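Here are a few exercises to work through with the model open in your viewer. Try each one yourself before you read on.

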Amino acid sequence: MKEVMAVEMESGVTTPSALLDDDGRPKRTGTVWSASAHIINAVIGTGVLSLPWAMSQMGWALGISCIFTFAGITLYTSNLLADCYRSPDPVTGKRNTTYMDAVKAHLGGKQHVFCGLLQYSNLAGFIVGFIITTSTSVVTIRKNVCFRKNGFDAPCHFSNNPYMICIGIIEIILSQIPNFHKLSMLSIIAACMAFGYASIGVGLSFATVIQGNVKNTSYSESHKGRSTADIAWNMLVAIGDIALACGYSQIAVDIQDSLKSSPPENKVMKRANTIGISIMTTFFISSACFGYAAFGSNTPGNILMSSGFHKPFWLLELANVFIIAHLLGAFQVLIQPLFRIVEILAAQKWPNSSFVTREIPMNIGKTKFTINYFRLIWRTIFIVVVTTLAMAMPFFNDMIALLGAVGFWPSVVYFPVEMYIVKQNIRKGTIRWFGLQTLSFFCLIVSLAAACGAIHGLGQAVGKYKPFMYKA
């Protein structure tokens, strides 16, 4: 029954058995390149533009070391997670199509519930942040136009709310793309946009450096003009920013579930992990180093927003257009696991309801697609809610930092490590066991430190903004 339901929900018609995978669902078509695009969308977000600020808080030595360290940790644990997609055998075992399923299959008990709460609350929080950041990029374009006409001292401030509403409407339309399998083209386009604005940020920083406009930088963190408390808090936030920017475990299993079964999914996913994280690390190092060299100790939180570069106007506007296009697509990539789990649970609860399970074939011209009433209504309501939250709480990005810090250790390190220990029957007390537990403990400390920094930042941000009244 579940197999038939899965087929009907994804295609709307009965699929011949030759076109089904071993779990009864239509054959997956994902490749290493589509998986790499999904990963790039998850990690090369606008966070890459804030890495110069993180570098300025830590200095060259600690900043570069942190980027390489957390990139290596993410690659290692992501490869551990790739072997947990099927169990007990990583190639021929039963599929675990969600992160929760993988945790339940390997660790048992109620740990999968804790995993699900962390995973889906983080994804929902990130989505609110995406809406805020996208609207800020739109406002930045308007501010650049205003500055160009009236000078940089002009009071150019605009409300984000109209743009958040427009973004919400666009996302409602895009949200009807049913699953990861149908998202490949949108994901590739969004990944290209990420390359575009990250390259512009790196290029402008590099141009500033080679023109000789290098600011004072430090091998270690700069203490000038700052209290000890400020230095400590900013370093915690900076380390957390780098660690959180590298993670994508919340969607890794769902990405792997979109891959073809031959060659084996775990091998393809490991290649995609290597490609995605290698590209990520290259951009992170380039952006952080050149951005820090260009701005020095006065590096802004985002080098492409109005507090960063001011010229050339046309290039900055193009970069923000790229940011907008990327975030519109990345929104859908990141939220798919949450959409999917709700729709799976609804189908299990009401398997005979045509409202929940029926796919209605439609076409516009030569474009064919299907509409599901439950998907249409629930996804629309969800996006309306998160858009309203974004307008009501413009400081939500600080709350996302806290959510991300809390979720980093369990999702990126703890669960992959513990599942790997169980899967490989690694005995307690062995050198390998101690090594894995040491890695887990180190990342727990990082997660707690980032959470402390996020709480401090959230406390400062709450009093600065009024609901629905934010102007950038």
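**Exercise 1. Find the elements at the two ends of the confidence range.**

This is a predicted model, so start with pLDDT, the predictor's confidence in each residue. Among the elements of the protein chain, helix H1 (residues 2-11) comes out lowest, with a mean pLDDT of 42. Helix H6 (residues 161-174) comes out highest, at 94. Next, look at the chain as a whole: the average is 84, and 89% of the residues score at least 70. Finally, go back to the start of the chain, where pLDDT stays under 50 over residues 1-13. For that stretch the model has 30 contacts beyond four places in sequence.

**Exercise 2. Work out which parts of the chain the salt bridge between Asp 83 and Lys 270 links, and classify both residues by burial.**

Begin with the distance: the closest N and O atoms of Asp 83 and Lys 270 are 3.0 Å apart. The cut-off for a salt bridge is 4 Å, so the pair passes. Now place the partners. Asp 83 sits in the loop between helix H3 (51-82) and strand E1 (86-87), while Lys 270 belongs to helix H10 (residues 265-295). They are 187 residues apart, and the pair links distant parts of the chain. For burial, the limit is under 20% relative accessible area. Asp 83 has 12% relative accessibility, so it counts as buried. Lys 270, at 26%, counts as partly exposed.

**Exercise 3. Do the same for Arg 148 and Glu 317.**

The side chains of Arg 148 and Glu 317 meet in a salt bridge at 3.6 Å, N to O. Arg 148 is in helix H5 (residues 111-150) and Glu 317 in helix H11 (residues 313-349), 169 residues apart. Then check accessibility: Arg 148 has a relative accessible area of 46%, so it is partly exposed. Glu 317 has 16%, which means buried.

**Exercise 4. Start from Asp 254 and trace the network it belongs to.**

First step: Asp 254 and Arg 340 form a salt bridge, 3.2 Å from N to O. Asp 254 lies in helix H9 (residues 249-256) and Arg 340 in helix H11, so the pair ties together parts 86 residues apart in sequence. Both Asp 254 and Arg 340 are buried. Last step: follow the shared partners, and Arg 25, Arg 28, Asp 254, Asp 257 and Arg 340 join into one network of salt bridges.

**Exercise 5. How many salt bridges does a search of the whole structure find?**

Run the search over the whole structure and you get ten.

Notes:
Residues numbered from 1 in each chain as written. Predicted model: local features only at pLDDT ≥ 70, side-chain atom pairs only at ≥ 80, totals over all residues. Heavy atoms only, no water. pLDDT = per-residue confidence, 0-100. Helix = DSSP H or I, 4+ residues; strand = E, 2+ residues; numbered from the N terminus. Contact = heavy atoms within 4.5 Å. Buried < 20%, exposed > 50% of the residue type's maximum accessible area, 1.4 Å probe, protein only.
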